[in-house]
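User: Please take a close look at one part of this structure, the open sheet. Explain how its strands are arranged and where they sit in the chain.

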Amino acid sequence: MILLLILMPACHKEDKNPVVNPSEKLALDSLVATNKHIVTWEEIQVRAYARGENLNFEWYTNHGSMIAVDSATVLYWACPSCEGLNIIECTVSNDYGSISDTIMIQVDPENGL
């Protein structure tokens, strides 16, 4: 019983690093595409609007191709095998953590078939 009383005060610690609202240090406000309904081979830009310091951007798509314009913007296009609804995802991270968002792009045949 004495051992329990000695350990109890050690379990209560003051929080010297209070929880910070993530939006103050890291936020991904939106993903915006120049067009969300395209035809095959049409190129669009997708931009991530994010806030925070020392941001790192990672981009992913389930179909189609992307190339970076800058860290917050990619150029996207899709070939005929990518027709349908495609997902583009951006993950933004820094020392405070990471946050992700997605945007959907509808890709139709070039000739409307």
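Analyst: Here is the sheet, after a short look at the whole chain.

This is a predicted model: local features need pLDDT of at least 70, side-chain atom pairs count only at pLDDT 80 or more, and totals for chains, interfaces and linings use all residues. Residues are numbered from 1 along each chain as its sequence is written, and side-chain values use heavy atoms, with hydrogens and water left out.

Start with the chain. The protein chain has 2 helices and 8 strands. Helices (H or I, at least four residues) and strands (E, at least two) are DSSP runs, numbered from the N terminus. The order from the N terminus is α-α-β-β-β-β-β-β-β-β. The protein chain has 113 residues, and 26% of them count as buried, that is, under 20% relative accessible area with a 1.4 Å probe, protein chains only.

Now the sheet. Its 4 strands lie in the order β2-β8-β7-β4. The sheet is open, and its pairing is mixed. Two strands pair if DSSP finds at least two bridges between them. Strands of a sheet pair through backbone hydrogen bonds, either parallel or antiparallel.

Look at the edges of this sheet. They are β2 (37–39) and β4 (56–61). Each has a single partner strand, so one side of each is left without a neighbour in the sheet. Neighbouring strands of this sheet are turned by 30° against each other on average, direction ignored. The axes behind such angles are lines fitted to C-alpha atoms.

Finally, zoom in on β2. Strand β8 covers residues 97–108. It runs parallel to β2, and 3 bridges join the two. In this pair, I38 stands opposite V107 of β8.

Technical notes: Buried means under 20% relative accessible area, exposed over 50%, partly exposed in between (1.4 Å probe, protein chains only). Axes are lines fitted to C-alpha atoms, for helices over the stretch in contact, and angles run from 0 to 180 degrees between N-to-C directions.
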